[in-house]
Amino acid sequence: MEVLDIVGNSYVIKGGNETSTASLSAPVVGVLHPGVMGTAVAAILIQSSSQGSDHIKEVIVATHDRSETTKQRVLASNARDVGILENLCRQADVILSIVPPSAAEEVAHQCLSNEFRGHLKYSLDVFVDNLWSLAHTLSLLLE
């Protein structure tokens with residue numbers, strides 16, 4: 001990924017064959033889906049931002065149709081629950097898709113059908129030992 005140009009309060013980035021524009025302000029990060037791994041990632045991002053990092057404005061999740069256990073995990077993580085995927089897509093600037101590879105395409109379609117036009121990042125084979133690295137990498141991508 002490379003920054004091609006800075007225009008006003010936005011920057012133009014190129015990643016692979018795709019070019020897009022992103023705001024320089026701290027983004028709202030949506031995490032899909034808030035299972036054990038997704039909630040852990042959300043908690044790490046929140047902890048990172050509470051320790052003085054201004055790279056993330058807020059972390060949000062959608063718990064509609066999720067188990068009571070998952071909802072309790074989200075509550076403990078301090079991520080803001082926006083209810084349904086449609087709300088997450090409307091409010092997030094960046095979505096981290098923490099799903100198995102077999103679900104990646106379906107999640108992308110769901111985000112697009114809910115008019116998400118931000119940056120969709122996949123973290124397909126993330127392991128617990130790599131969560132801090134993921135949080136650090138995300139913060140670098142958002143600088």
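This is a short dialogue on reading a predicted model, from its overall layout to one strand and two cysteines.

Student: Where do I start? How many helices and strands are in the protein?

Tutor: Start with the inventory. This predicted model has five helices and eight strands.

Student: In what order do the elements run from the N terminus on?

Tutor: Read them as a string: β-β-β-β-α-β-α-β-α-β-α-β-α. Four strands open the chain, and then helices and strands take turns until a helix closes the string.

Student: What share of the residues counts as buried?

Tutor: The protein has 143 residues, and 39% of them count as buried. Now look at the surface. About 8,100 Å² is exposed, with 51% of that area supplied by carbon and sulfur atoms.

Student: Which contacts tell me about separation along the chain?

Tutor: Take the contacts with a separation of 6 or more. In this protein, 60% of those come from residues 24 or more positions apart.

Student: Now a single strand. How do I read its two faces?

Tutor: In a regular strand, side chains alternate between the two faces of the sheet. So check each face on its own. In E4, Val-28, Gly-30 and Leu-32 lie on one side, and Val-29 and Val-31 lie on the other. Both faces are covered, with all of these residues buried.

Student: Why is E4 described as largely enclosed by the rest of the structure?

Tutor: Count its buried residues. E4 spans residues 28-32, and five of the five are buried, so the rest of the structure largely encloses this strand.

Student: Which strands does E4 bridge to?

Tutor: Two partners are worth tracing. Strand E5, residues 58-61, runs parallel to E4 and is joined to it by three bridges. Strand E7, residues 94-97, is also parallel to E4, with four bridges between them.

Student: Which residues stand opposite each other in these pairings?

Tutor: Take one example from each. Gly-30 has Ile-60 as its bridge partner in E5. Val-31 faces Leu-96 in E7.

Student: Next, the cysteines. How many disulfides does a search of the whole structure find?

Tutor: Zero. The test is sulfur to sulfur: a disulfide needs the two atoms within 2.5 Å.

Student: Why is there no bond between Cys-89 and Cys-111?

Tutor: Apply the cut-off. The closest cysteine sulfur to that of Cys-89 is in Cys-111, 4.2 Å away, which is too far for a bond. Starting from Cys-111 leads back to Cys-89, again at 4.2 Å.

Student: Are these two cysteines buried or exposed?

Tutor: Check relative accessibility, where buried means under 20%. Cys-89 has 3%, so Cys-89 counts as buried. Cys-111 has 1%, so Cys-111 is buried too.

Methods
Residues numbered from 1 in each chain as written. Predicted model: local features only at pLDDT ≥ 70, side-chain atom pairs only at ≥ 80, totals over all residues. Heavy atoms only, no water. Buried < 20%, exposed > 50% of the residue type's maximum accessible area, 1.4 Å probe, protein only. Helix = DSSP H or I, 4+ residues; strand = E, 2+ residues; numbered from the N terminus. Pairing = 2+ DSSP bridges. Contact = heavy atoms within 4.5 Å. Areas by Shrake-Rupley, 256 points an atom, 1.4 Å probe, with all protein chains shown as cover.
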